[in-house]
Amino acid sequence: MQLIWKTVLMMLPFVLMTYGMNESMEQTQAGEAEMGIKSAPFGKTKEGAEVTAWTLTNKAGMTVTILDFGGVIYSLEVPDRDGNSANVSANYPTIPEYQEVRPYFGSLVGRYGNRIAKGKFTLDGKEYTLPINNDPNALHGGLKGFDQVIWKVKPFESEDQLGLILTYTAKDGEEGYPGKLDVTVKYIVTANKNELTIDYTAQTDKKTVINLTNHTFWNLGGAQGGSIRDHVLRLGADRYLPTDGTLIPTGEVASVKGTPLDFLAAKPIGQDIDKVTEPQFNGGYDHCFVLVDKEPGEMSFCAHAVDPKSGRAMYVFTTEPAVQFYSGNFLDGTTGVGDYKYEKHSAFCLETQHYPDSPNQSAFPTTVLLPGDTYRHTTIHQFDVE
C-alpha cells in the first residue's frame, strides 16, 4: 500500500499537467525519486497551437517542468531544510495568460534580452528599426520574441544527466533583426544533485546582434511564498550600469560601493531597497550588475540567494559578463496558478546577460555575431539548503 501511494504522489504532477495545472500543487515530502522525462499536453495558444509540457525528475529531489512555448521554466521543485518540496518559479495556469499579461515568467528571451534605445541600432552603416514595446525602447526581442514562439524539443538522458534540447530558427528580418538565426538551448538536469544548467548556442547567416537569457521569477520560499524582501542575496558584482529615466544605460560603469546596490557582502534584499528612489525603478532593483572582471566566456560566480525561513538556497554561475537583478517592482497583483496574486516584490529575477543597449554603445562588450562564428552562453543554477 505504501508503494502504491508513493507511485500516486510521483504521478501527481503529470496528472495535473494533463488537466491544465489550474491548481497549484501541495507541498510534498521530498525523497528518492525515479529519474526520468515525461511529457503531457498543456493546452493551446490563442491561435490554437498545441503546447507540450516536459517534466524532468532527477534522483536528488528536483523536478523541473519546461514548456515548449517560450521555453518556459514552468516549475522547479526543490526540497527545503525539512525535506518538503515546493515549486520556486512563478507561473501562470494557461498559455493565453503568458501571451497576454507577459511578464516573461520563466521564459527564454531573445533575440536581444533587455532594452535597445529607441528600437534602433546600426551595423556596417545600415540602420535597423525594431518594434517599440517598452516605450520609447525595444525590450526582450520585440512583439513576438523568443518567449512567444513554440520551440522544437528533443529529450535526452544518460546516467549522469537528463534534459531537453530546444531549437528555433528566427527568420532574417524577424522583429527587425538582420540574419537568419539558428538557436539551440539545452536545459540540463544533473542526476545526483539539484543543478540546472542552461546552455545557449546560436549561428547566423548575416551579421547581427544577440543577447539571450532566461527570465525566471524566483521565490525560494515557494512561488506563492509572499515577499522576497527577507531573502538574503550576494552578488559577484562590483559595478553596475546607471541608467536614464527609460532604463537605458548612460554609458557610465559605476562602483556599487557606498550605494544601495552593494551586494558584495550578503544582505537581505529589503535592507536597502527603499533607498532606490529614482522613479524609473518603481521602488526597487532593476539594474544591470557588472560581474567582477574575468576573461570573456569564463565561468564565474554570479549570485547566491537564500530564503531564511525554508533554508532553500540557490547559487548562480555564468559565462556572461553581467546579470540583471530585478526585484519584481512592477508586479501588480497579476494572478497566477491557484489564483495566487503576484504583488510587488513577490519574486526576483537574475537574468545573466550582456549589457543593455550594447549595439548602440561601443564601449560595452560586443553583442555582434558574425557568420561562421558561434554564440555561446552557459548559466548554472545549483540548489541546496542552509
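Accessible areas come from the Shrake-Rupley method with a 1.4 Å probe. In the predicted model examined here, the accessible surface of the protein comes to about 15,800 Å², and 51% of this area belongs to carbon and sulfur atoms. Of the 386 residues, 56% count as buried. The radius of gyration is 20 Å, which agrees with the value near 21 Å that a compact globule of 386 residues would have, and the C-alpha atoms fill a box of roughly 70 × 45 × 35 Å along the principal axes. Among contacts with a separation of 6 or more, 67% are made by residues 24 or more positions apart. The protein carries 33 positive and 48 negative charges, and the mean positions of these two sets are 3 Å apart.

The secondary structure consists of two helices and 30 strands. Strands of a sheet pair through backbone hydrogen bonds, in either a parallel or an antiparallel sense. One open sheet contains five strands in the order E20-E19-E22-E25-E28, and the pairing in this sheet is antiparallel. Strand E20 (254–255) and strand E28 (349–353) stand at the edges with a single partner strand each, so that one side of each is left without a neighbour in the sheet.

Within this sheet, strand E25 (residues 322–326) is joined to strand E22 (residues 286–291) by five bridges, the two strands running antiparallel. In this pairing Cys288 stands opposite Gln324, while Phe289 has Val323 as its bridge partner. E25 also pairs with E28 in the antiparallel sense, again over five bridges, and here Ala322 stands opposite Gln353. Five of the five residues of E25 are buried, so the strand is largely enclosed by the rest of the structure. In a regular strand the side chains alternate between the two faces of the sheet. Both faces of E25 are covered, since Ala322, Gln324 and Tyr326 on one side and Val323 and Phe325 on the other are all buried.

A further set of antiparallel pairings involves strand E23 (residues 300–306), of which six of the seven residues are buried, so that this strand too is largely enclosed by the rest of the structure. Strand E18 (residues 232–235) is joined to E23 by four bridges in an antiparallel arrangement, with Arg234 standing opposite His304. E23 also pairs in the antiparallel sense with strand E24 (residues 312–318), over six bridges, and the bridge partner of Val306 in E24 is Ala313. E23 and E24 form a hairpin with five residues between them, and in the turn Gly311 has a positive phi of about 85°.

Burial is also found outside the strands, as illustrated by Ser107, which lies in the loop between helix H2 (95–100) and strand E7 (108–109). With a relative accessible area of 3%, Ser107 falls below the 20% limit and is therefore buried. When neighbours within four places in sequence are left aside, Ser107 is in contact with Gly70, Val72, Asp147, Thr213, Asn214 and His215.

Key
Residues numbered from 1 in each chain as written. Predicted model: local features only at pLDDT ≥ 70, side-chain atom pairs only at ≥ 80, totals over all residues. Heavy atoms only, no water. Rg over C-alpha atoms; globule rule 2.2 N^0.38 Å. Buried < 20%, exposed > 50% of the residue type's maximum accessible area, 1.4 Å probe, protein only. Contact = heavy atoms within 4.5 Å. Lys, Arg positive; Asp, Glu negative; His and termini not counted. Charge placed at Lys NZ, Arg CZ, Asp CG, Glu CD. Pairing = 2+ DSSP bridges.
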